[in-house]
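Me: Please examine one part of this model closely, and then relate that part to the rest of the chain. I would like the accessibility figures set out with the reasoning behind each class.

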Amino acid sequence: MATLMFRNVDADPSDPIDTWPHEAFQAAIEHGLTPDWQGIANHLDQHPYGAAAATLAEVLEYTEGVGAFLLRHRLERARSTALSVMLKKQAQELAGLVAGSGLTQRELARRIGTSESRLSTWLSGRQAPTAQAVAKVRLALSNAE
């Protein structure tokens, strides 16, 4: 089985993926095999918003083929998963702050000018609050009496 090789690229396939230039990703997509793509995909799962993911996203804008299709899908899934995890953590943190404040959700919603049902969606993670809404919650909780 042939291993991935870069020609006319200022990188080696054994270099850390975060250091690969655009041309290296393009070569891997166009001339690599499933194991090569799997290595990139595994890296994306761990670092969906890292340097390699950003470079790959740029390369995928103009690269076609099976490898591009698979890596595009994997990047979208890795980013979506990471975002969901982060939003869930944010919701848990806010819910913990509300629970420790002594305020009811109804009272907190009233103080920040939103509905109790909307606040509930934020605290459950079903909907992401805006940065402004998070700031309002934090301000209201810091002034809880």
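Reply: L70 has a relative accessible area of 41% and is therefore partly exposed, since that class runs between the limits of 20% and 50%. This value, like the others below, was computed on a predicted model. L70 is placed in helix α4, a helix that covers residues 66-101. Together with V66 and F69, L70 makes a nonpolar surface patch of about 320 Å². Membership of such a patch requires over 30% relative accessible area, so the 41% of L70 satisfies that condition.

Another residue of the same helix deserves mention. H73 also lies in helix α4, and its relative accessibility of 46% explains why H73 counts as partly exposed. From H73 to L44 the separation is 29 residues in sequence, while their C-alpha atoms are 11 Å apart in space. For L75 the partner to consider is S14: 61 residues separate the two in sequence, and the C-alpha to C-alpha distance is 21 Å. S14 belongs to the segment before α1, and because its relative accessibility is 62%, S14 counts as exposed.

Helix α4 also takes part in enclosing empty space. Rolling a probe the size of a water molecule over the atoms reveals where such space remains. With a threshold of 30 Å³ or more, the count is one cavity. The volume of the largest cavity is about 50 Å³. Its lining consists of L87, Q90, A91, L94, W122, G125, Q127, A128 and P129. Helix α4 gives the most to this lining, contributing four residues. By class, the lining of the largest cavity comprises six nonpolar residues, three polar residues and no charged residue.

The largest pocket provides a second view of the space around the chain. Its volume is about 150 Å³. Eleven residues line the largest pocket, and L4, M5, A27, H31 and G32 are those nearest its centre. The lining of the largest pocket divides into six nonpolar, three polar and two charged residues. Two charged residues are thus present in the pocket lining, whereas the cavity lining has no charged residue.

Beyond helix α4, the salt bridges may be described in turn. The whole structure contains five of them. In one of these, the side chains of E116 and R106 meet at 3.3 Å, N to O. This pair connects distant parts of the chain, with E116 in helix α6 (residues 116-124) and R106 in helix α5 (residues 105-112), ten residues apart. E116 is partly exposed because its relative accessible area is 34%, and R106 is exposed because its value is 60%.

Within helix α5, E107 meets two arginine side chains. The salt bridge of R110 with E107 has an N to O distance of 2.7 Å, and that of R111 with E107 has one of 2.9 Å. R110 and E107 are both in helix α5, three residues apart, about one turn of the helix. R111 and E107 also lie in that helix, four residues apart, again about one turn. The result is a network of salt bridges that links E107, R110 and R111. The two arginines fall into separate accessibility classes: R110, with a relative accessible area of 58%, is exposed because the limit for that class is over 50%, while R111, at 36%, counts as partly exposed.

One backbone feature remains. Most residues other than glycine have a negative phi. N8 is not a glycine, yet its phi is positive, at about 60°. N8 lies in the segment before α1 (22-31). A relative accessible area of 79% explains why N8 is classed as exposed.

Note on methods
Residues numbered from 1 in each chain as written. Predicted model: local features only at pLDDT ≥ 70, side-chain atom pairs only at ≥ 80, totals over all residues. Heavy atoms only, no water. 1 Å grid on protein atoms, 1.4 Å probe; cavity = no way out; pocket = protein on both sides within 12 Å on 5 of 7 lines; lining within 4 Å. Points joined across faces, edges and corners; volume = space filled by probe spheres on them. Helix = DSSP H or I, 4+ residues; strand = E, 2+ residues; numbered from the N terminus. Nonpolar A, V, L, I, M, F, W, Y, C, P; charged D, E, K, R; others polar. Patch = residues over 30% accessible without salt bridge, like charges linked within 9 Å, V, L, I, M, F, W, Y side chains within 5 Å. Areas by Shrake-Rupley, 256 points an atom, 1.4 Å probe, with all protein chains shown as cover. Salt bridge = Lys/Arg side-chain N within 4 Å of Asp/Glu carboxyl O. Buried < 20%, exposed > 50% of the residue type's maximum accessible area, 1.4 Å probe, protein only.
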